[in-house]
Amino acid sequence: ADLEREIAEVSSEMDRMAPNMKALEQYDEVQARLHSLEYAHREMASSAKEVTQRFHAVQQQRHKRYMDAFNKVSRAIDDVYKELTQVEGVLLGGTAYLSLEDPSEPYLHGIKYTAMPPAKRFRDMEQLSGGERTVAALALLFAIHNYRPSPFFVMDEVDAALDNVNVTRVAEYIRDRSQEGGLQFVVISLKDNFYAKAQGLVGIYRDRQEECSKTVTLDLERLDEDSDDADADGDRAAGASGGESEEESEGKHDEEEGDESDEP
């Protein structure tokens, strides 16, 4: 009786416990899924590390290229600005330089451009006159060209805000650069100072009869050559006529001496 009662109690307790007979199968499934997630995590971490390394490599290359361009333009801009601003009494010209707002990541921020005209104190670019800003902008343009040269420039009335002195300096600079070879300038201008420094002129006019625009060209270099040839021909002609007059005077002198010798 005692044994039966004990068996009944154990059976009742086992019924209350209700053991899960599929626990092992579920454990195996969870274990397999854990291994799969761990493998995926390792793959993602490896991919993230590779992407990070590639990002830093591209970032370093970007920084290097940016700084190479910036340093070259920064070194050239002061020389160009000095050449454009040389005036009588101030042979060294003005001063111009570039500075980075954030040297660590310069491509994410701006560049400060400072230009000081000759014999003037430091002022912000916004406080310079229109002509001074124009010269500073041209200096920056030509400095950038030193880094990435282009075959030609097209400039539309860049001299509009310049006085005659600065127009002459800019025109002389452009002419010097064009004579170095490999670079051409097409300048639209209304200033005769630019005309005098040009190698050729192209004029646009309206034909009232045909009601259309036409062009007229003038090669100033050929015109100068023709003028020099004409001057040379005139000098040679003057020299020849002068020689003939000397020979004629010598002949007349000889005749006079002969006449005097014939007299008793």
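# Exercises on pairs, core and surface

Lys 64 and Asp 68 form a salt bridge, and their closest N and O atoms are 3.1 Å apart. A salt bridge here is a side-chain nitrogen of Lys or Arg within 4 Å of a carboxyl oxygen of Asp or Glu.

The model is predicted, so local features need pLDDT of at least 70 and side-chain atom pairs count only at pLDDT 80 or more, while totals for chains, interfaces and linings use all residues. Residues are numbered from 1 along each chain as its sequence is written, and side-chain values use heavy atoms, with hydrogens and water left out.

**Exercise 1.** Find out how Lys 64 and Asp 68 are placed in helix α2, and say how open each is to the outside.

*Solution.* Start with the sequence positions: the two residues are four apart in helix α2, and therefore about one helical turn separates them. Helices are DSSP runs of H or I with at least four residues, strands are runs of E with at least two, and both are numbered from the N terminus. Next, look at the accessible areas, which come from the Shrake-Rupley method with a 1.4 Å probe, where for residues only the protein chains shown count as cover. A residue is buried under 20% relative accessible area, exposed over 50%, and partly exposed in between (1.4 Å probe, protein chains only). Lys 64, at 53%, is exposed, whereas Asp 68, at 37%, is partly exposed.

**Exercise 2.** Look at the salt bridge between Lys 120 and Glu 132, and work out which parts of the chain it joins.

*Solution.* First, check the distance: N to O, the side chains meet at 2.3 Å. Then place both partners: Lys 120 sits in the loop between β2 and α3, and Glu 132 in helix α3, so this pair, 12 residues apart, links distant parts of the chain. Finally, compare the surroundings: Lys 120 is partly exposed at 44% relative accessibility, while Glu 132 is buried at 13%.

**Exercise 3.** Do the same for Lys 197 and Glu 172, then step back to the whole set of salt bridges.

*Solution.* The side chains of Lys 197 and Glu 172 meet at 3.5 Å, N to O. This pair also links distant parts of the chain, with Lys 197 in helix α5 (residues 192-197) and Glu 172 in helix α4, 25 residues apart. Both count as partly exposed: Lys 197 has a relative accessible area of 29%, and Glu 172 has 25%. Stepping back, the rule gives 12 salt bridges. Glu 83, Arg 177 and Glu 180 are linked in a network of them. As a general point, side chains of opposite charge can pair when their charged atoms come close.

**Exercise 4.** Which residues touch the most other members of the largest nonpolar core, and which element gives the most to this core?

*Solution.* Begin with the term: a nonpolar core is a set of buried Ala, Val, Leu, Ile, Met, Phe, Trp, Tyr and Cys residues joined through side-chain atoms within 4.5 Å. The largest one has 33 residues, and Leu 84, Tyr 113, Phe 142 and Met 155 touch the most other members. The elements that each supply at least two of its residues are α2 (23-84), β1 (95-100), β2 (111-116), α3 (130-147), β3 (152-156) and α4 (164-179). Helix α2 gives the most, with eight residues. To see one member in place, take Phe 142: leaving out residues up to four places away in sequence, its contacts include Val 80, Leu 84, Phe 153 and Met 155. Contact means heavy atoms within 4.5 Å.

**Exercise 5.** Is Ala 115 buried or exposed, and what does it touch?

*Solution.* Ala 115 belongs to strand β2. At a relative accessible area of 2%, Ala 115 is buried. Beyond four places away in sequence, Ala 115 touches Tyr 81, Thr 95, Ala 96, Arg 123, Met 125, Leu 128 and Ala 136. Take the partner Tyr 81: 34 residues separate it from Ala 115 in sequence, and 8.2 Å in space, C-alpha to C-alpha.

**Exercise 6.** Check the length of helix α1 (residues 2-17) and describe its surroundings.

*Solution.* The expected span is 1.5 Å times one less than the number of residues. For the 16 residues of α1 this comes to 22 Å, and the end C-alpha atoms are 23 Å apart, which agrees. Helix α1 lies largely in the open, because the number of its residues that are buried is zero.
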